[in-house]
Amino acid sequence: MIATTVLHRGPITVFDHRCGAGPTDTPFVERHDEFCLAYVRAGSFGCRTRGRSFELVPGSVLVGHPGDEFVCTHEHHTDGDECLSFQLSPRIVDEIGGKAAWQSGGVPPLAELVVLGELAQASAEGRTDVGLDEVGLALAARLVDAFGGQRRPAPHPGARDRRRAVEAARWLDERSHEPIDLDAAAGASGLSPFHFLRSFSRVLGVTPHQHLVRCRLRHAARLLAEGASSVTDVAYDVGFGDLSNFVRTFHRAAGVSPGRFRQAASGARRVFEERLAR
């Protein structure tokens, strides 16, 4: 088993698990130390936990409850498996509610979960501007819904929530060049990550991470139009930690590369004319 940490932000940790075990490997007992959701993105494996057995295929979710023991089996599986695993703190799970859902052990591919699982994978690969921690919280909340749990209803945003959301949006804009995560933004607002994500999204219509990325893109467009800095310098100056991610994200938003956008800003009208003609 190879486990790579993809994200570690406050109450949420995400691992990329790749297991090459097969029928000749001897199963062994493991133990969940945290609340866990492992989205199976490739391969398959079996799991025995809480006196039940599950066969997990792409789109399935392995659900873990702290203290539960489990055994992964591979007697019918020869190609290993790959999972994107979310570990959440008890505080987050308590806020979401529906703890009974966390004792389900294994969940087959459900439409309401697979779409979020694939969104999580896209986020982990930098193919979307939704934060991986945000998708993890959404996946946990949807799991509770899928099992009929009593998730706490989201209150209609009042004046206080609206004010907090606006202040948070401005706070993110002012610090968008810095490495900011959901936990830090929530702490600055005096809220838990789950409450902050839910309130911010309901008031402004985008998630905090989406807003942060768009702030960075706005600042990048301004710098590119001014033309004084290189594309690489612009990427790092506005807060992108990776040049390729900046180029990909900017192209997705503008329809042209940062370099072509700079050409358009300097008077090359054909750049956007070519784009519109497609």
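# Reading helix, sheet, core and ring packing

Student: Which helices cover the buried residues of α6?

Tutor: The cover of those buried residues includes α1, α3, α4 (159-174), α5 (182-189) and α7 (208-226). Keep in mind that this is a predicted model.

Student: Which residues of α6 are buried?

Tutor: They are P193, F194, F196, L197, S199, F200 and V203. F196 has a further role: it belongs to the largest nonpolar core and is one of the members that touch the most others.

Student: How do I check the span of α6 (residues 193-204)?

Tutor: Compare the expected span with the model. The helix has twelve residues, so at 1.5 Å a residue it should span 16 Å. Its end C-alpha atoms are 16 Å apart, which agrees.

Student: What follows α6?

Tutor: G205 does, and its phi is positive, near 80°.

Student: How many residues does the largest nonpolar core hold, and which touch the most other members?

Tutor: The core holds 43 residues. The members with the most such contacts are L37, F86, L88, W102, L137, L143 and F196. Helix α3 (residues 132-146) supplies the largest share, eight residues.

Student: What does W102 touch beyond four places away in sequence?

Tutor: A long list: F35, C36, L37, V63, G64, H65, L88, V93, G97, A140, L143 and V144. Another core lies apart from the one that holds W102; this other core has twelve residues, among them V213, V234, V238 and F240.

Student: How many aromatic pairs does the structure hold?

Tutor: Five. Read each one by centre distance and plane angle. For F240 and F246 the centres are 5.2 Å apart and the planes stand at 55°, so this pair is tilted. F240 and F246 are both buried.

Student: What kind of pair do F250 and F261 form?

Tutor: An edge-to-face one, with 5.2 Å from centre to centre and 75° between the planes. Angles over 60 degrees get that label. The pair joins distant parts of the chain: F250 sits in helix α9 (residues 243-254) and F261 in helix α10 (residues 258-265), eleven residues apart.

Student: F250 and F261: buried or exposed?

Tutor: The cut-off for buried is under 20% relative accessible area. F250 is at 3% relative accessibility, so it counts as buried. F261 is at 18% and therefore counts as buried too. Now put the rings together: ring pairs link F240, F246, F250 and F261 into a cluster.

Student: Where does E95 sit, and is it buried or exposed?

Tutor: E95 lies in helix α1 (residues 90-96). Its relative accessibility is 18%, so E95 counts as buried. For scale, E95 and E69 are 26 residues apart along the chain, and their C-alpha atoms are separated by 24 Å.

Student: Now the sheets. What is the strand order of the open sheet of four strands?

Tutor: The order is β3-β8-β5-β6, and the pairing is antiparallel. Edge strands pair on one side only; here they are β3 (29-31) and β6 (52-56). On average, neighbouring strands of this sheet are turned by 30° against each other, direction ignored.

Student: How many bridges join β3 and β8?

Tutor: Three, in the antiparallel sense, with β8 covering residues 69-73. Within that pairing, E30 stands opposite F70 in β8.

Student: What should I expect of side chains along a strand?

Tutor: In a regular strand the side chains alternate between the two faces of the sheet. Then look at single residues. T73 is found in strand β8. Its relative accessible area is 4%, so T73 is buried. Leaving out residues up to four places away in sequence, T73 touches P27, F45, G46, C47 and R48.

Student: How many residues of strand β9 (residues 81-88) are buried?

Tutor: Six of the eight, so β9 is largely enclosed by the rest of the structure.

Student: Which strands pair with β9?

Tutor: Strand β2 (residues 12-19) pairs with β9 in the antiparallel sense over eight bridges. Strand β4 (residues 35-43) also pairs with β9 in the antiparallel sense, again over eight bridges. D81 in β9 shows both pairings. It is the bridge partner of C19, and it is also the bridge partner of G43.

Technical notes: Residues numbered from 1 in each chain as written. Predicted model: local features only at pLDDT ≥ 70, side-chain atom pairs only at ≥ 80, totals over all residues. Heavy atoms only, no water. Phe/Tyr/Trp six-rings, centres within 6.5 Å; stacked < 30°, edge-to-face > 60°. Buried < 20%, exposed > 50% of the residue type's maximum accessible area, 1.4 Å probe, protein only. Helix = DSSP H or I, 4+ residues; strand = E, 2+ residues; numbered from the N terminus. Core = buried A, V, L, I, M, F, W, Y, C linked by side-chain atoms within 4.5 Å. Contact = heavy atoms within 4.5 Å. Pairing = 2+ DSSP bridges. Axes fitted to C-alpha atoms, helices over the stretch in contact; angles between N-to-C directions. Expected span 1.5 Å × (residues − 1).
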